[in-house]
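Here are my notes on the model you passed along, point by point. Have it open on your screen while you read.

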Amino acid sequence: GAVHPLATTLIGDLYTLEERGRVQGYMSSVWGISAIVGPLAGALIVQHTSWAWVFWVNLPFGVVSVALVSLYLHEEVAPKKPSIDFAGAGLILVGLVSLMLALTQGAHWGIPAALSLLAFAVVVMWLFVRQERRAPDPIMHLELWGNHLIALANAATLCSGIAMIGIISFLPAFVQGVLGESALVAGFTVGAMSVGWPMASVTTGHLLLRVGTRRLARIGGSTVFIGSLIIALAVDRGPIVAGLGSFGMGAGLGVLNTTFIVAIQTSVGWSQRGVATASNMLMRILGNTLGAAVFGGVLNFALRQDLGAGRVDALPVPEHLRDVLGGAAPAAALHSGLSSGLHIVFWAVLLFALITVAASWLIPDHRIGEGALKEK
C-alpha cells in the first residue's frame, strides 16, 4: 500500500515533464503484468517450495530498490516535524474495513448484519470527512476532490478496477468450466490482458504531450468498454474471442492508468503530488476489492436462483470454484447454472465499464505543461 504510490510519486520527482509520460507508461505496464504474473508466481512458489518463499523473494528486490533510491534521489526538502493525522487514519481504516466486511461477509452473517455494517461505515466515513476538514495536515486533502480532473479520474479508476477484477477472477472460470478448455488455455485467455496493458501504457506515454489528456482518456475508456462488450456478448464463441476482449480491456486500462497518473500529478503542486497520486492508487485497489466482493455475490445469487439454495449450498462456490471446475466435467444442471451466472457477472462488468467510459468522456481538457507543476 505504501510502496506503490511512493514509487509512482518518485517518478514525478525524478524525471522531467518530457520523460515522465514515457516512464509512467513503463511503470503502468509493470502493474499490468504483475497483476497477472504475481498470483501465478505465488501459486507456483507455494506448490513447489515452502510458502515462506512468497515473502523471502521480496528481499533482493527491496534491497536493490533502496540502494537505487539512495544513490539517485536527491531532494532539497527543509526538515520539519510532520503533523500526523492519526485520527483520520484510524477513521478511514475502520470505515473501509466495515464496508469490506459488509460486502464479503454479508451472505454469511445475514442481511441485518450487513446493513448494520454499511450504516456504521457511512457514519464513520462522515466523521472522517469532518476530521479531514479540521486537521492541520490531513491524510486526504479533500480540496483535491473539488478538482474535476482528479474527481473524474478517480471515479473512472474505481469503476475500471471493479471491471478488471471481474474479468481476472471469472473469465478463467468460464473458459474452463463452461467452454471445457484446459486450465492452461484459461490462463492464456486472461493473460491477454497483461499483453494489451503494457503495449498501450508505453504507447500512451509517448503520446501524452502531443495528444492531450481528454482524447486519451476517451480512447482508454472506450476501449475498456469495447473489450467488456466483446466478453459479455460473444464469450461463448470460444477462448480466442474471450482473449480478444481481455486484450481490449487491458489496452484500455493501460491507456487510462498512464493518462490519469501523469495528468493528476501535473494538475497539483509539488507538496500535494504524493497525496493526489495516493488517492488514485486507493481507488484502483478499492475497486479491485469491491469488485471481488460484488461479483462473487452476483454469482452466488444467480446460482441460487438457477439451481436452488440446496444445490448451491452443497457446492464450494465461489471460494473453491477452482476445485469444482478442476475435477470431472460438471453435471448438466451445474454447467447451465454456472454459464448463466457467469454471463450475469460479465454483464455487471459491462455496467461498470460503461460508468468508466462516461467518467472518462467528461474529463476536462488538460494540456500538460510546466506551468501546472508550479506550487499553488
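**Notes on cavities, a pocket and helix packing**

1. Let me start with the empty space. There are two cavities of 30 Å³ or more in the structure. Keep in mind throughout that this is a predicted model.

2. The largest cavity comes to about 100 Å³. Its lining is made of Thr 157, Ser 160, Gly 161, Met 164, Trp 197, Leu 253, Leu 256, Asn 257, Phe 260, Asn 280 and Arg 284. If you want to find the walls by element, look at α7 (148-177), α11 and α12 (270-307), which each give two or more residues to this lining. By class, the lining residues split into five nonpolar, five polar and one charged.

3. The second largest cavity holds about 50 Å³ of space. Ten residues line this cavity, and the closest to its centre are His 4, Thr 8, Met 27, Ser 28 and Asn 257. Two or more lining residues come from each of α1 (3-14), α2 (17-48), α11 and α12. The biggest share is from α2, with four residues. Sorted by class, the lining has four nonpolar, five polar and one charged. Asn 257 is worth clicking on: it is listed in the lining of the largest cavity, and it is also among the residues closest to the centre of the second largest one.

4. Is Thr 8, in the lining of that second cavity, buried or exposed? Thr 8 sits in helix α1, and its relative accessible area is 3%, under the 20% cut-off, so it counts as buried. Leaving aside residues up to four places away in sequence, Thr 8 touches Gln 24, Met 27, Ile 261, Gln 265, Thr 277 and Met 281. Met 27, one of those partners, is another of the residues closest to the centre of the second largest cavity.

5. Now the open space. The second largest pocket has a volume of about 1600 Å³. Of the 33 residues in its lining, Val 3, Ala 7, Met 27, Val 30 and Ser 65 lie nearest the centre. The elements giving two or more residues are α1, α2 and α4 (58-72), and α2 gives the most, with 13. The class split is 25 nonpolar, eight polar and no charged. Met 27 turns up here as well, having already appeared by the centre of the second largest cavity.

6. Two of those pocket residues deserve a closer look. Ala 7 belongs to helix α1, and Ser 65 to helix α4. The relative accessibility of Ala 7 is 24%, between the 20% and 50% cut-offs, so Ala 7 counts as partly exposed. Ser 65 is at 39% and therefore counts as partly exposed too. Their C-alpha atoms are 9.8 Å apart, with the two positions 58 residues apart in sequence. Ala 7 also has a C-alpha separation of 9.8 Å from Gly 274, which is 267 residues away along the chain.

7. On to helix packing. Helices α9 (residues 193-211) and α11 (residues 239-266) pack with their axes 7 Å apart, at an angle of about 35 degrees. The crossing is right-handed. On the α9 side, the contact residues include Trp 197, Ala 200, Thr 204 and Leu 208, and on the α11 side they include Phe 247, Gly 250, Leu 253 and Asn 257. The contact contains twelve nonpolar, ten polar and no charged residues. Trp 197, Leu 253 and Asn 257 from this contact are also listed in the lining of the largest cavity.

8. The other pair to check is α7 with helix α8 (residues 183-191), whose axes come within 8 Å and cross at roughly 145 degrees. This crossing is right-handed as well. From α7 the contact uses Ile 167, Ile 168, Leu 171, Pro 172, Val 175 and Gln 176, and from α8 it uses Ala 183, Val 185, Ala 186, Thr 189 and Val 190. Nine of the contact residues are nonpolar, two are polar and none is charged.

9. Last, the overall picture. The protein has 15 helices and zero strands. Among its 376 residues, 45% count as buried. Of the contacts with a separation of 6 or more, 80% are between residues 24 or more positions apart.

Notes
Residues numbered from 1 in each chain as written. Predicted model: local features only at pLDDT ≥ 70, side-chain atom pairs only at ≥ 80, totals over all residues. Heavy atoms only, no water. Axes fitted to C-alpha atoms, helices over the stretch in contact; angles between N-to-C directions. Left-handed = near helix turned anticlockwise from the far one by under 90°. Contact = heavy atoms within 4.5 Å. Nonpolar A, V, L, I, M, F, W, Y, C, P; charged D, E, K, R; others polar. 1 Å grid on protein atoms, 1.4 Å probe; cavity = no way out; pocket = protein on both sides within 12 Å on 5 of 7 lines; lining within 4 Å. Points joined across faces, edges and corners; volume = space filled by probe spheres on them. Buried < 20%, exposed > 50% of the residue type's maximum accessible area, 1.4 Å probe, protein only.
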